[in-house]
Amino acid sequence: MPDDIAFMTIALEEARAALDHGDVPIGCIVARAGDVLARAHNAREREQDPTAHAEILALRAAAAATGSWRLEGCSIYVTLEPCAMCAGAMVLARVERLVYGAPDPKAGAVRSLFNIADDPRLNHRIDVTSGVLELETGDVLRAYFSGKRA
């Protein structure tokens, strides 16, 4: 979908912004009806907060923008497959759709390790699209971790 690429490009901009304060470059946006409601990037290092993942910060901002914790009709675009905390928060927020770039074989909880987003045992399921700008989103992360190892 053309919007998927446009919105993931914005999420990539957010991911790169995390580099300014030494955080893992993951970016996220929340959109509804073609409009960006919120955008965020990882801020764990800057905030010294283990929950300051891009997805959690974007969900909080979207809830504030809409005046509701229920984010029905919203889509989330994130550069890396969400972890268990973030995927669980999306389910609890009633997000309609999740679009992510690169898979996360070590902590991904949407397809890699778990299927939280569409687990039939939960009271809400999220439509998932993976691999949007996967190469580009993965390149940002690979460069970051390559620099850390050097």
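**Exercise 1. Describe the lining of the largest pocket and state which residues lie nearest its centre.**

Solution. The largest pocket of this predicted model has a lining of 22 residues. Those nearest the centre are Val-24, Leu-80, Asp-104, Leu-141 and Phe-145. The space in this pocket amounts to about 490 Å³. Sorting the lining by class gives 12 nonpolar, 3 polar and 7 charged residues. Finally, the lining can be assigned to elements: helix 5, residues 134–149, contributes the most, with 5 residues.

**Exercise 2. Determine how the axes of helix 1 and helix 5 are arranged, and which residues form the contact.**

Solution. Begin with the axes: those of helix 1 (residues 2–18) and helix 5 come within 11 Å and cross at roughly 5°. Angles under 35 degrees count as roughly parallel. Therefore helix 1 is roughly parallel to helix 5. Next, identify the residues that meet: helix 1 supplies Met-8, Leu-12 and Arg-16, while helix 5 supplies Glu-136, Thr-137 and Val-140. Classified, this contact of helix 1 with helix 5 comprises 3 nonpolar, 1 polar and 2 charged residues.

**Exercise 3. State how many salt bridges the whole structure contains, and locate the partners of the one between Arg-39 and Glu-13.**

Solution. Side chains of opposite charge can pair when their charged atoms come close. Searching the whole structure yields 8 salt bridges. One pair to examine is Arg-39 with Glu-13, whose side chains meet at 3.2 Å, N to O. The cut-off for a salt bridge is within 4 Å, and the pair is a salt bridge. To place the partners, note that Arg-39 belongs to strand 2 (residues 35–41) and Glu-13 to helix 1. The two residues are 26 residues apart, and the pair links distant parts of the chain.

Conventions:
Residues numbered from 1 in each chain as written. Predicted model: local features only at pLDDT ≥ 70, side-chain atom pairs only at ≥ 80, totals over all residues. Heavy atoms only, no water. 1 Å grid on protein atoms, 1.4 Å probe; cavity = no way out; pocket = protein on both sides within 12 Å on 5 of 7 lines; lining within 4 Å. Points joined across faces, edges and corners; volume = space filled by probe spheres on them. Helix = DSSP H or I, 4+ residues; strand = E, 2+ residues; numbered from the N terminus. Nonpolar A, V, L, I, M, F, W, Y, C, P; charged D, E, K, R; others polar. Axes fitted to C-alpha atoms, helices over the stretch in contact; angles between N-to-C directions. Parallel < 35°, antiparallel > 145°, perpendicular 65-115°, else oblique. Contact = heavy atoms within 4.5 Å.
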